[in-house]
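Let's take a walk through this structure together. Keep the 3D view open and turn it as you read.

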Amino acid sequence: MEIIPQLIINSVIAGAIYALIALGFNLVFSTVKFFDISYGAVAVVGSYAVFYFFKMLGFPLYVAVPLGILVAAVVGVLFYIFIYSPLRRRKASNTVLLVASLGAFTAMQALVAILFSSQFQTLSDAGSPTKVFLVFSGAITATQVVILGTAFVVMLALAAILKFTLFGKAVKAVGDDEEVSKIVGINTSLLIGKVFFIGSALAGLAGILIGFDTGLEPTMGLPLLLKGVIASIIGGIGNVYGGVAGAFLLGFIENFGVWQISGEWKDAIAFGVLIVFLIFRPNGIFRR
Amino acid sequence: MQYLIHLAILVSIYSILGLSLNLVVGFTGLVSVATAAFFGVGAYTVAILITGFGFNFFAALFAGMVVSGVLALAIGVVLSKFKGDYYTLASVGFNVILVGVFLNRDSLTRGPLGIPGILRPTLFGFQFADNGHFLILALVFVALVFGACNFIARSSFGRVLKALREDEKAISVFGYDILYYKLLTFVISAVFAGLAGALYAVYITFIDPSTFTVFESIYILAIVILGGLASNRGAVLGAAVLVLLPEFLRFVGFPSEIAAQMRELVYGLLLVVLMLYRPRGLMGEYKL
């Protein structure tokens, strides 16, 4: 039974990472209403940017990480400016946007693989032992504590922004009804650009944290994105906090699931949960 | 010359895949990203039956198509309940689950090691060991699948599919069981994809799970969209372009270690460009 605390810790860490992805993904979805698959590629870009600045150029971490987040955010905005905004202006269907995002994701991932090779890389200093803390006989590394802390801080910050600032209210307005928002005077395309910036920054941050915890490879974007999507759908797509709840729920189901079923089926369990939800409760736990 | 024959065989195999996905995406209007999974099911069934049980290729091929079809039936029953983007997401999920099975069911599929030593087919004592002879075999199958798809397109079944694509609610009001039509199309598409998989397995004589991932499905989707939705000739043309184009890039001077990633970059970018400037594709009668 001593494995339960470890399972709980693993679930919480997984939940925190998925929550970061789900936060950004949901934020973007709530305004543009399509599934932006290239979001996963942005996470990969963030982590590789930090890899480039930190490991290849030798910048100190406190410079490399913000730069990495900035690069990720910029890439996300560029996707918006050059791909999604033109398509939306032409009133393209959601399917077209989805397919375009599939293409953007694939191309970006391939570009990263070409520039940095497909090999697995690590962000943390290899060789120095990571501190491990014991919590009720469950182990948690220092990196994972940082992940948890960062995730919570970011969630709270985003919540504050969305609830208390004018910008946050505008985001809600655009999510509710874009046409009317324009009439009321909100510059929707600029606002959506900002949303892409923030969302992509979140994705980059999530990618960076995973890079520190597990490592990087160019193909890590898709599984990450899919977990974020599953978490968002479980929690109620478009509902930013639903995504967080869904993320933790997913983390728990996955980790307790592999306790009973072999570990290789983790992804299959996650998708199984998604499909169950899509059949029985497509609106998720919390409606918008 | 051998190289050209090799390319022609690849074009044939991907033509069959394109034709099969065209039925689902082009005629029925459902963006499925799961084709590679059935490609894999066909390949693995044939590989296991030939290497493990000494089956004759044509018997194994039949078995492969049946297994593909049955699996598609099971998956399709769930999948066909979804609409639009959720259909696409769920199809990604199923592809991931099936690749998980290929990777993890070691006892059956040898996991990531793949299955080597698949023999070329023999027909009445004549073995298709020479690539030139294999090309003829492949072309025969392409012709058969092309004929079948043309037949479907022109039949009343095909007309219902196109009506489904245009307006799902309207056609159901007329009394057509849309679930049945979506399901049947999905199954037929999977059977043809399984056929392509069987050909692939005996041509390359080695298969492993990495050939059948979501990215391969996206590649096949790119073939269909490039060629033009609902155009059978377009599917073949799309396959030709998307197989040959990356090969030409090889001659432009890109090193071969990144050949696979270059191919990904090409079709990723192509999808984006197509969505932006020519969603109809080359010969399509309909755009997404």
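Look at the contacts inside chain A in this predicted model. Among those between residues at least 6 apart in sequence, 76% link residues at least 24 apart. Burial is worth a look too: 52% of the 288 residues in chain A are buried.

What is chain A built from? You'll find 11 helices and 2 strands. Starting at the N terminus, the order is α-α-α-α-β-β-α-α-α-α-α-α-α. The radius of gyration of chain A is 19 Å, close to the 19 Å that the globule rule gives for 288 residues, so chain A is as compact as a globular protein of that length. Its C-alpha trace spans about 60 × 50 × 35 Å along the principal axes.

Now swing round to where chain A meets chain B. Chain A brings 34 residues to this contact, and chain B brings 33. On chain A's side, the elements giving two or more residues are helix 3, helix 4, helix 9 and helix 11. Helix 4 of chain A gives the most, with 15 residues. Sort chain A's side by class and you get 27 nonpolar, 5 polar and 2 charged residues.

Finally, hop over to chain B and find helix 1 (residues 2–27) and helix 9 (residues 178–204). Their axes come within 8 Å and cross at roughly 170 degrees. An angle over 145 degrees counts as roughly antiparallel, so that is what helix 1 of chain B is to helix 9 of chain B. Where they meet, helix 1 of chain B offers residues including B:I9, B:I13 and B:L17, while helix 9 of chain B offers, among others, B:F186, B:F192 and B:Y203. By class, this helix-to-helix contact has 17 nonpolar, 3 polar and no charged residues.

Definitions and conventions. Residues are numbered from 1 along each chain as its sequence is written. Chains are lettered from A and ligands numbered from 1 in the order in which they are written. This is a predicted model: local features need pLDDT of at least 70, side-chain atom pairs count only at pLDDT 80 or more; totals for chains, interfaces and linings use all residues. Two residues are in contact if their C-beta atoms, placed from the backbone, lie within 7 Å. Helices (H or I, at least four residues) and strands (E, at least two) are DSSP runs, numbered from the N terminus. Ala, Val, Leu, Ile, Met, Phe, Trp, Tyr, Cys and Pro count as nonpolar, Asp, Glu, Lys and Arg as charged, and the others, Gly among them, as polar. Axes are lines fitted to C-alpha atoms, for helices over the stretch in contact, and angles run from 0 to 180 degrees between N-to-C directions. Angles under 35 degrees count as roughly parallel, over 145 as roughly antiparallel, 65 to 115 as roughly perpendicular and the rest as oblique. The radius of gyration is taken over C-alpha atoms; the globule rule is 2.2 Å times the number of residues to the power 0.38. A residue is buried if 20 or more other C-beta atoms lie within 10 Å of its own, exposed if 12 or fewer, and partly exposed in between; C-beta atoms are placed from the backbone.
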